Amino acid sequence: MLSLFEQNEDLFASWFVLRYEREGDSYLMQIGAVLHDGSRLELRDYLFVDGRRKYAYQWMEPDGSLRQRWDNAPHWPEIVTKPHHTHLPNQEIPEASTVTNLEDLLAYVC
């Protein structure tokens with residue numbers, strides 16, 4: 001998974017691992033990154049021993065305001081891509097999302 005950052009290094013001014021733990025097939029990962037336009041990514045991705053996965057990817061403007069966030073929290077069961085959804089600034093109800101992993105996210109932001 002971390003190799004995706006190395007493979008896409010031209011996207012980033014910098015990136016850093018805040019936390020990475022792996023045990024067997026499960027992992028916990030938190031990464032921060034700064035893109036060349038000054039925007040930032042904060043990424044959290046967890047794969048639990050029982051196969052459940054939880055993620056939240058936040059893309060922020062250089063000033064820290066939200067550009068877009070993707071996650072799979074089950075708060076929005078009416079969204080067609082449940083539990084996957086995306087939040088946009090100044091929008092109360094999130095939208096459907098097909099960004100569900102780091103590969104999708106990097107393809108979206110470039």
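**Entry 1: the start of helix α2**

I looked first at the start of α2, where a side-chain oxygen of Asn101 comes to within 3.1 Å of the backbone nitrogen of Glu103. I note that the model is predicted. The helix itself spans residues 102-109 and lies across β1, β2, β3, β4 and β5. I recorded its direction against β4 as about 15°.

**Entry 2: the buried side of α2**

I asked which residues of α2 are buried. I found Leu102, Leu105, Leu106 and Val109. They sit on the same side of α2, because they cover an arc of only 95° around the axis. I recalled the general rule that an α-helix has 3.6 residues a turn, so residues three or four places apart point the same way. I then looked up what the buried residues of α2 pack against, and listed α1 (residues 3-7) together with β1, β2, β3, β4 and β5.

**Entry 3: the sheet**

I traced the strands next. They form an open sheet of 7 strands with antiparallel pairing, in the order β1-β2-β3-β4-β5-β6-β7. The edge strands are β1 (12-23) and β7 (95-96), each of which pairs on one side only. I recalled that strands of a sheet pair through backbone hydrogen bonds, either parallel or antiparallel.

I then followed the pairs around β4. Strand β3 (residues 40-47) and β4 (residues 53-60) are joined in the antiparallel sense over 8 bridges, and Tyr46 has Lys54 in β4 as its bridge partner. On to β5: β4 and β5 pair over 5 bridges, again in the antiparallel sense. The hairpin of β4 and β5 has 5 residues between the strands, and in it Gly64 takes a positive phi near 95°. Strands β5 and β6 (residues 85-87) run antiparallel and are joined by 3 bridges; Arg69 stands opposite His87 in β6.

**Entry 4: Asp71**

I chose Asp71, a residue of strand β5, for a closer look. Its bridge partner is Ala56. Is Asp71 buried or exposed? I found that Asp71 is buried, because its relative accessible area of 7% falls under the 20% cut-off.

I then asked what the side chain of Asp71 reaches. I found the backbone nitrogen of Ala73 at 2.9 Å. The side chain of Asp71 also makes a polar contact with the side chain of His87, at 3.2 Å. Leaving aside residues up to four places away in sequence, I listed Tyr55, Ala56, Pro83, His84, His85 and His87 as residues that Asp71 touches. Ala56 is thus on my list twice, as a residue touched by Asp71 and as its bridge partner.

Definitions and conventions:
Residues are numbered from 1 along each chain as its sequence is written. This is a predicted model: local features need pLDDT of at least 70, side-chain atom pairs count only at pLDDT 80 or more; totals for chains, interfaces and linings use all residues. Side-chain values use heavy atoms; hydrogens and water are left out. Two strands pair if DSSP finds at least two bridges between them. Helices (H or I, at least four residues) and strands (E, at least two) are DSSP runs, numbered from the N terminus. Contact means heavy atoms within 4.5 Å. Axes are lines fitted to C-alpha atoms, for helices over the stretch in contact, and angles run from 0 to 180 degrees between N-to-C directions. Buried means under 20% relative accessible area, exposed over 50%, partly exposed in between (1.4 Å probe, protein chains only). The arc is that of the directions from the helix axis to the C-beta atoms. A polar contact is a pair of N or O atoms within 3.5 Å; within protein, one must be able to donate a hydrogen and the other to accept it, and residues adjacent in sequence count only if both atoms are side-chain atoms.
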